[in-house]
Every structure is written in structure tokens, then in C-alpha cells.
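Colleague: I should like to learn how to read a protein fold feature by feature. Could you guide me through one example?

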Amino acid sequence: MKTISILILSILSTTSLFSKNFEGYIYYSYKYLDSSGNDITEKMGVDNSLEQNYYINSSNYKGVNEKGQLLQLYNSNTNTYYYQKGTSIKSFPGSLEYPKEFKFEANVDTMTIEGYFCNSIIVTTESGQTTYFFSDSISIDYENYKNQRFGNWNKYLNATDGALPLKYIVYQKNYTRIATAQKIEFKMLDNEEFNIEKFSTIK
């Protein structure tokens, strides 16, 4: 009986360890709605992204849209956040706290995304409101991201205990953007995968 108990504890500990070490790829598709709830995805897709190919490991992450444009890239070693604007890459220090306001509250809505049961929270900043759906099964150890204040990523991860969003709904003044994970892959990613030099000139 004692041996069985030790084995069970070992399994639980291992499961917990892996659940906080997601590394891999998430594919998000975007949908846009106008203020009346009408689908305007095709119209918005002319000047906006329709998908995000998101990659993350223990220290870095990046997102690239369907056109190969860099939506975001974060390097924890330099604590720098990058994004593409036109043909140039812009950078911000990860220590820059923006937005400054960050309030979150638990939300009663739940759903299952790609087989993962998700809870949700509502985040409010001076820029607007976003609802995030997340699963404990797709979580990271966010120690290496604790200094990323830009975009409130550190605060979001603290609020969800490291769980990555599998769906998020961003409410803007004139439209709503809905990003939903359509594919999730566990895979090892080398830090070279997140080399900003692979993209355009930094400005």
C-alpha cells in the first residue's frame, strides 16, 4: 500500500510538472464582429490579421500572421518586446508598464477548446476589455516572464497561474476581435527560433 501511495504521488507530481511546462505551437484564427454583432471578418481582413501562428518556449515567444508578418516577439534575456509595423520592426522595453491599469475578475463562462476545458477571466485596462479563456493543461512556468510589463503579460500570467489563452475576445469601440485556438502542438523550440534578426531592420 505504501509503495502504491508513493507511486501515485510521483505520478501527480510529474503531471503537475508537465502541466506548467507547455512548449510549442498554437494556431489562432481571428473573427471580427461589428458593434451590432455582424460578421465583418472578410472586410477587416484587408488591413488586419486573420490568424496568428504562436510559438512559445520557457524564455521567448513570437506570433506571425498569415502573411508572414511579425505580430509580436519577446526575448526574456534582453526583456525586449518587438512587433512589425509596415516593413520595419519596432521595439519596446519589456519593463515599460503599458497599459498601466489592470483589473481582472473571474468569469462564470466556460468552454472546451480543442479538447481542453477552459475557465475564463475578464481583464479591464484603460485600452478596453478582454475576456480570456484558458486551460490549466496548457500552462507555463512564468518565472522568465515576470519582468514583461509591456502588454501586462506578467499580470495576465499571474492571474491565470501561467495558463495561456486558448481564446480571447477583445472589445474595441467599433468592433470585436475573437481569437480562437484551432491547433495546439507540444514541441521543443530552440531559442534560435526567436532570433529577431530573422525579421526586418529594428527601428
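**Reading a sheet and its core**

Modeller: Let us begin with a single residue. Leaving out residues up to four places away in sequence, Tyr-83 touches Leu-70, Leu-71, Ser-88, Ile-89, Lys-90 and Phe-92. Please keep in mind that this is a predicted model.

Colleague: In which strand is the place of Tyr-83?

Modeller: Tyr-83 belongs to strand β5. Tyr-83 has a relative accessible area of 25%, so it is classed as partly exposed. Tyr-83 and Phe-199 are 116 residues apart in sequence, yet their C-alpha atoms are 9.9 Å apart in space.

Colleague: Which strand is joined to β5 by 3 bridges?

Modeller: The general idea is that strands of a sheet pair through backbone hydrogen bonds, in either a parallel or an antiparallel manner. Here, strand β4 (residues 70-75) is joined to strand β5 (residues 80-85) by 3 bridges, and the two run antiparallel. One of the matched pairs is Leu-73 with Tyr-82 in β5.

Colleague: How many helices and strands are there in the protein chain?

Modeller: The protein chain has 3 helices and 11 strands. Along the sequence they follow the pattern α-β-α-β-β-β-β-β-β-β-β-α-β-β.

Colleague: In what order do the 11 strands form the open sheet?

Modeller: The order across the sheet is β6-β5-β4-β3-β2-β1-β11-β10-β9-β8-β7, with antiparallel pairing. At the edges stand β6 (88-93) and β7, each of which pairs on one side only. From one strand to the next, the twist averages 20°.

Colleague: How should I read a hairpin, and how many residues lie between β7 and β8?

Modeller: Follow the chain from one strand into its partner. Between β7 and β8 there are 2 residues, and the two strands form a hairpin. Glu-114, in the turn, has a positive phi of about 50°. Strand β7 (residues 103-113) pairs with β8 in the antiparallel sense over 8 bridges, and Glu-105 has Ile-122 in β8 as its bridge partner.

Colleague: Which strand forms a hairpin with β8 on continuing along the chain?

Modeller: β8 and β9 form a hairpin, again with 2 residues between the strands. Strand β9 (residues 128-139) and β8 are antiparallel and share 7 bridges. Within this pairing, Asn-119 is opposite Phe-134, and Val-123 is opposite Thr-130. β9 is also joined to β10, by 7 antiparallel bridges; there, Phe-134 has Pro-165 in β10 as its bridge partner. Phe-134 therefore can be followed from β9 into β10 by reading its bridge partner, where strands count as paired if at least two bridges are found between them.

Colleague: Is strand β8 mostly covered or mostly open, and how many of its residues are buried?

Modeller: In a regular strand, side chains alternate between the two faces of the sheet. Strand β8 (residues 116-125) is mostly covered, with 7 of its 10 residues buried. For the protein chain as a whole, 44% of the 203 residues count as buried.

Colleague: Which residues have the most contacts inside the largest nonpolar core?

Modeller: In soluble globular proteins, nonpolar side chains tend to be buried together. The largest nonpolar core in this model has 40 residues, and Ile-26, Leu-164 and Leu-166 have the most contacts inside it. At least two residues of this core come from each of β1 (24-34), β2 (51-56), β8, β9, α3 (153-160), β10 (163-171) and β11 (175-186). β10 gives the largest share, 6 residues. Another core, of 6 residues, lies apart from this one and includes Val-64, Leu-73, Tyr-82 and Ile-196.

Colleague: With which residues is Leu-164 in contact, leaving aside its neighbours within four places in sequence?

Modeller: Its contacts include Phe-22, Ile-26, Ile-56, Phe-133, Phe-134, Trp-153, Tyr-156 and Leu-157.

Colleague: Which strands does α3 lie across?

Modeller: α3 lies across β2, β3 (60-64), β7, β8, β9 and β10, and runs at about 115° to β10. Thr-160 lies in this helix, α3. Thr-160 counts as buried because its relative accessibility is 4%, and buried means under 20%. Residues up to four places away in sequence aside, Thr-160 touches Ile-121 and Phe-134.

Key: Residues are numbered from 1 along each chain as its sequence is written. This is a predicted model: local features need pLDDT of at least 70, side-chain atom pairs count only at pLDDT 80 or more; totals for chains, interfaces and linings use all residues. Side-chain values use heavy atoms; hydrogens and water are left out. Buried means under 20% relative accessible area, exposed over 50%, partly exposed in between (1.4 Å probe, protein chains only). Helices (H or I, at least four residues) and strands (E, at least two) are DSSP runs, numbered from the N terminus. A nonpolar core is a set of buried Ala, Val, Leu, Ile, Met, Phe, Trp, Tyr and Cys residues joined through side-chain atoms within 4.5 Å. Contact means heavy atoms within 4.5 Å. Axes are lines fitted to C-alpha atoms, for helices over the stretch in contact, and angles run from 0 to 180 degrees between N-to-C directions.
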